[in-house]
Amino acid sequence: MKFFIDTANLNEIREAYDLGVLDGVTTNPSLMAKEGIVGYDNVMKHYKDICEIVDGDISAEVIATDFETMVKEGEELAQLHPNIVVKVPMTKDGVKAIKYFTDKGIKTNCTLVFTAGQALLAAKAGATYVSPFVGRLDDIATDGIALIEQIRQIYDNYGYPTEILAASVRHVMHLLQCAEIGADVVTCPLNVITALLNHPLTDSGLAKFLADHKKANSL
């Protein structure tokens with residue numbers, strides 16, 4: 001399973017990359033705004049800066065909601081770097097744009113997916129990735145992990161190459177459950193990735209090893 005980090009913070013991206021497990025990055029307008037990245041030129045430069053850190057797919061989201069402007073924005077984003085994946089919302093015009101980009105050889109990520117039917121449409125249009133939002137479904141008392149499992153079965157039934165990119169992953173259990181049921185990618189904050197490192201028995205075991213070593217060397 002690929003690990004993507006869901007952020008626009010360059011320091012967090014570098015930290016995840018230096019850990020040696022980072023495969024890509026997902027961003028959106030909210031994450032850009034959180035980092036104070038505003039204005040067309042600044043946003044485009046920031047995408048380029050991310051591409052210089054990570055040699056993997058970088059999802060860059062269109063702002064437009066109509067087909068023609070989505071295409072214009074998406075083509076501009078795709079020209080920034082070969083690793084850019086154009087992130088498009090799950091709407092009627094979004095699906096049309098995914099088909100257009102697919103025919104042009106431009107990679108896409110269909111975002112804001114909340115049903116298996118939406119994921120099926122995205123796959124038929126040729127999306128490179130589909131992003132079901134696990135945590136947001138959990139917020140409304142719906143099983144987000146079950147949706148990942150349902151999409152996995154549908155894609156496997158028909159051999160769709162679209163990769164399932166589990167989004168809105170908020171904690172380690174989300175991540176591990178996505179891995180167990182076969183999500184191709186998980187995107188999450190840095191703290192979820194680093195939380196995989198932690199276990200109290202690892203900490204206590206290391207402390208004991210170091211104490212024993214110190215004791216042995218003091219004899």
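These are my notebook entries on a predicted model of one chain.

**Overall layout**

I began with the inventory: the chain holds 11 helices and eight strands. I then took the extent of the C-alpha trace, which spans about 75 × 40 × 30 Å along its principal axes. Of the 219 residues in the chain, 46% are buried. I also looked up contact separation. Among contacts with a separation of 6 or more, 56% are between residues 24 or more positions apart.

**The barrel**

In what order do the strands close into a barrel? I read the order as β1-β2-β3-β4-β5-β6-β7-β8, with parallel pairing. From one strand to the next, the twist averages 30 degrees.

**Strand β3 and its partners**

I picked β3, residues 57-61, for a closer look. Five of its five residues are buried, so the strand is largely enclosed by the rest of the structure. I sorted the side chains by direction: D57, S59 and E61 point one way, while I58 and A60 point the other way. Both groups are buried, the one with D57 and E61 included.

Next I checked the pairing on each side. β2 (residues 24-26) pairs with β3 in the parallel sense over three bridges, and V25 stands opposite I58. β4 (residues 84-89) pairs with β3, also in the parallel sense, over four bridges. There I found E61 opposite K87.

Further round the barrel, I noted that β6 and β7 (residues 163-166) pair in the parallel sense over two bridges. In that pair V130 stands opposite I164.

**Helices on the sheet**

Which strands does α3 lie across? I found that α3, residues 40-53, lies across β2, β3 and β4 and runs at about 165 degrees to β3. I looked at α5 as well: this helix packs on the sheet and touches β4 and β5, and its direction makes about 155 degrees with that of β4.

**Helix α6 and its cover**

I listed the buried residues of α6 (residues 116-125) and got A116, A119, A122, A123 and A125. What covers them includes α5 (92-103), β5 (108-113), β6 (129-132) and α8. After α6 comes G126, and I noted its positive phi, near 100 degrees.

**Packing of α5 on α6**

For this pair I took the angle and the distance: about 25 degrees, with the axes 8 Å apart. That angle makes α5 roughly parallel to α6, the cut-off being under 35 degrees. The crossing is right-handed. On the α5 side I recorded V95, I98, K99 and T102, which meet L121, A122 and A125 of α6. By class, this contact has five nonpolar, one polar and one charged residues. A122 and A125 also appear in my list of buried residues of α6.

**Packing of α8 on α9**

How do the axes of α8 and α9 cross? I found that the axes of α8 (residues 144-158) and α9 (residues 172-181) come within 10 Å and cross at roughly 20 degrees. That makes α8 roughly parallel to α9. α8 passes α9 in a right-handed crossing. From α8, the contact uses I145, I148, E149 and R152; from α9, H174, Q177, C178 and I181. I sorted the contact residues by class and got four nonpolar, two polar and two charged.

Notes
Residues are numbered from 1 along each chain as its sequence is written. This is a predicted model: local features need pLDDT of at least 70, side-chain atom pairs count only at pLDDT 80 or more; totals for chains, interfaces and linings use all residues. Side-chain values use heavy atoms; hydrogens and water are left out. Axes are lines fitted to C-alpha atoms, for helices over the stretch in contact, and angles run from 0 to 180 degrees between N-to-C directions. Angles under 35 degrees count as roughly parallel, over 145 as roughly antiparallel, 65 to 115 as roughly perpendicular and the rest as oblique. A crossing is left-handed if the near helix is turned anticlockwise from the far one by less than a right angle, and right-handed if clockwise. Contact means heavy atoms within 4.5 Å. Ala, Val, Leu, Ile, Met, Phe, Trp, Tyr, Cys and Pro count as nonpolar, Asp, Glu, Lys and Arg as charged, and the others, Gly among them, as polar. Buried means under 20% relative accessible area, exposed over 50%, partly exposed in between (1.4 Å probe, protein chains only). Two strands pair if DSSP finds at least two bridges between them.
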